[in-house]
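Okay, thanks for coming, everyone. I've got one short structure to walk you through today, so let me put it on the screen.

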Amino acid sequence: MDIDMRVAFVLLPVIAAASWAVFNIAPAAIKQIQAFLNKEA
């Protein structure tokens, strides 16, 4: 079951961009979630 390389070449930049976005957004999202949970408690 070998993946077609064209599919890999198309998906690689999309996956890279998504992971970079998550990497950049994660600290702010975690901080916001923690603030929400602290406000609830």
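Right, so first off, keep in mind that this is a predicted model. The fold is quick to describe: there's one helix and zero strands. Helix 1 runs over residues 5-40, and the protein has 41 residues. If you look at the C-alpha trace, it spans about 50 × 20 × 10 Å along its principal axes.

Now, how much of this protein is buried? Buried residues come to 0% of the 41. The protein exposes about 4100 Å², and 74% of that is supplied by carbon and sulfur atoms.

Let's zoom in on the surface. Ile3, Val7, Val10, Leu11 and Ile15 make up a nonpolar patch there, and together they have about 440 Å² of accessible area. Take Leu11 from that group: you'll find this one in helix 1. Leu11 has a relative accessible area of 40%, so we call it partly exposed. Joining a patch takes over 30%, and Leu11 is at 40%.

Okay, charges next. Side chains of opposite charge can pair when their charged atoms come close. How many salt bridges does the structure hold? Just one. That's Asp4 with Arg6, where the side chains meet at 2.7 Å, N to O. And how open are the two partners? Asp4 is partly exposed, at 35% relative accessibility, while Arg6 is exposed, with a relative accessible area of 62%.

So, to recap: one helix, zero strands, a nonpolar patch on the surface, and one salt bridge. Happy to scroll around the model if anyone wants another look.

How values were computed:
Residues are numbered from 1 along each chain as its sequence is written. This is a predicted model: local features need pLDDT of at least 70, side-chain atom pairs count only at pLDDT 80 or more; totals for chains, interfaces and linings use all residues. Side-chain values use heavy atoms; hydrogens and water are left out. Patches are made of residues with over 30% relative accessible area and no salt bridge: like charges are joined within 9 Å, nonpolar side chains (Val, Leu, Ile, Met, Phe, Trp, Tyr) within 5 Å. Accessible areas come from the Shrake-Rupley method with a 1.4 Å probe; for residues, only the protein chains shown count as cover. A salt bridge is a side-chain nitrogen of Lys or Arg within 4 Å of a carboxyl oxygen of Asp or Glu. Helices (H or I, at least four residues) and strands (E, at least two) are DSSP runs, numbered from the N terminus. Buried means under 20% relative accessible area, exposed over 50%, partly exposed in between (1.4 Å probe, protein chains only).
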